[in-house]
Amino acid sequence: MKESEKEPEKESGKDTATGAGRAAIASAWPTKPLGVAVIGAGYWGPNLVRNFQSSPGFRLRWLCDLDADRARKVLGGYSTVQATSDYAAVLADPAVDAVAVATPAGTHLDVALAALRAGKHVLVEKPLAATYEDGLKLVTEAEERGLTLMCDHTYCYTPAVARIRDMVRSGELGEIQFVDSVRINLGLVQKDIDVLWDLAPHDLSVLDFILPDNIRPVAVAAHGADPIGAGQSCVAYLTLTLNTGAIAHVHVNWLSPVKVRTTMVSGSKRTLVWDDLNPTQRVAVFDRGVDMTHPQEIGADERRDTLVSYRTGDMVAPALVEKEALRSMVEEFAAAIRTRRPALTDGWAGLQVLDILEAASRSLEFRGAVVGLRTGR
């Protein structure tokens with residue numbers, strides 16, 4: 001199976017059934033909800049349980065965890081959902097149409113592959129798998145079986161990012177010149193992964209989500225440092241080269257005394273700033289920037305003058321309807337299954353993030369060398 005043969009399928013499905021179209025599809029769903037099981041009752045599993053239980057598109061039937069008592073505590077004493085440590089029993093249940101995997105990344109391949117081979121649609125927490133090779137196995141298995149494989153890139157389903165995607169893809173910002181993202185805080189230093197693998201998947205998934213289909217990263221260079229002797233990078237800077245010549249930059253940091261969650265997307269017409277920590281103004285759009293005058297557009301006497309002029313305009317803060325991102329993600333999972341189309345953050349989106357992370361790790365090993373990427377949309 002060649003990647004080039006599969007990628008166009010993703011492109012053709014990525015922009016279908018968006019916005020009002022998705023709402024129309026949701027209202028036309030059959031009355032019978034899809035049976036779903038959540039695998040993993042640790043940090044993220046309870047959030048999935050809550051959103052699947054509140055979704056009209058699903059009926060939560062199982063919560064599976066190696067510690068069945070922990071699963072029962074998550075469900076509470078009055079729940080009709082079954083708690084178990086027997087994953088085989090979950091997969092054998094014909095009432096289960098889909099499985100949501102919220103287990104450690106190192107287990108994603110085995111858990112998700114077993115579900116796909118049992119004929120279940122699969123939602124996987126980020127990252128899609130521990131390696132690109134494992135992720136490709138999942139994508140291939142899902143496509144061969146005609147099943148939905150979706151990666152829960154939660155930030156892509158926030159109202160702010162949905163609006164940013166619309167502005168970027170509609171051309172409202174003009175040609176993309178640069179993207180700059182900062183995700184820093186005094187965070188939990190992980191034992192098994194570095195700061196890139198811990199925090200950067202959020203920013204990389206958003207980048208993949210908002211960029212038009214004809215713009216994609218082609219290479220990456222990464223620099224990292226371990227000033228506290230943790231054994232892996234605690235501070236890292238990642239620079240992506242896009243096929244247009246523009247760049248995207250990501251700064252991630254476990255050691256910052258202040259928490260910052262901002263992304264700037266600059267275009268030839270406008271620039272937007274997304275501040276995820278500012279609930280009153282998450283997105284601001286600036287009509288400010290640099291305009292260039294081409295020599296052929298001005299007279300000979302003026303050519304000696306500067307060709308650069310600065311544009312100073314208004315700032316607009318679009319009104320956003322607040323909605324829980326996980327709720328939107330669950331609705332998208334149901335819509336993708338019902339309509340048999342790729343999810344907005346499908347397996348290929350998860351694979352793109354893994355490709356960049358692995359290339360960034362290789363770049364760190366070679367002191368910031370530029371490393372080419374395998375995939376594109």
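Phe52 has a relative accessibility of 0% and therefore counts as buried. This holds for a predicted model, as does everything that follows. Phe58, at 4% relative accessibility, is likewise classed as buried. Tyr157 and Phe209 are both buried as well.

**Aromatic pairs**

Five aromatic pairs are found in the model. In one of them, the ring centres of Phe52 and Phe58 lie 4.9 Å apart with their planes at 80 degrees, so this pair is edge-to-face; the cut-off for that class is an angle over 60 degrees. The rings of Tyr157 and Phe209 have centres 6.2 Å apart and planes at 50 degrees, so their arrangement is tilted. Tyr157 belongs to the loop between β6 (149–152) and α8 (159–170), whereas Phe209 belongs to helix α9 (residues 195–210), so the pair ties together parts that are 52 residues apart in sequence. Phe52 and Phe58 also join Phe333 in one aromatic cluster.

**Charges over rings**

Two arginine side chains are placed over aromatic rings, as tabulated here.

| Charged residue | Ring | Distance to ring centre |
|---|---|---|
| Arg165 | Phe209 | 4.5 Å |
| Arg374 | Tyr132 | 4.0 Å |

Phe209 thus appears in two settings: its ring pairs with that of Tyr157 in a tilted geometry, and Arg165 lies over its face. For Tyr132, it is the charged end of Arg374 that sits over the ring.

**Helix α9**

The helix that carries Phe209 spans residues 195–210. Of its 16 residues, 15 are buried, so α9 is largely enclosed by the rest of the structure. At its N-terminal end, α9 is capped by Asp194, which places a side-chain oxygen 3.1 Å from the backbone nitrogen of Leu196. Further along, α9 bends by about 45 degrees at Pro201. What span should the 16 residues of α9 have at 1.5 Å a residue, and how far apart are the end C-alpha atoms? The expected span is 22 Å and the end C-alpha atoms are 23 Å apart, which agrees.

**Glu141 in helix α7**

Glu141 is located in helix α7, which comprises residues 132–145. Is this glutamate buried or exposed? Glu141 has a relative accessible area of 13% and is therefore buried, since the limit for that class is under 20%. Leaving aside residues up to four places away in sequence, Glu141 touches Leu113, Leu116 and Arg117.

Definitions and conventions: Residues numbered from 1 in each chain as written. Predicted model: local features only at pLDDT ≥ 70, side-chain atom pairs only at ≥ 80, totals over all residues. Heavy atoms only, no water. Phe/Tyr/Trp six-rings, centres within 6.5 Å; stacked < 30°, edge-to-face > 60°. Buried < 20%, exposed > 50% of the residue type's maximum accessible area, 1.4 Å probe, protein only. Helix = DSSP H or I, 4+ residues; strand = E, 2+ residues; numbered from the N terminus. Lys NZ or Arg CZ within 6 Å of the ring centre and 35° of its normal. Expected span 1.5 Å × (residues − 1). Bend = angle between axes of the 7 residues up to and from the residue. Polar contact = N/O pair within 3.5 Å; in protein donor to acceptor, adjacent residues only side chain to side chain. Contact = heavy atoms within 4.5 Å.
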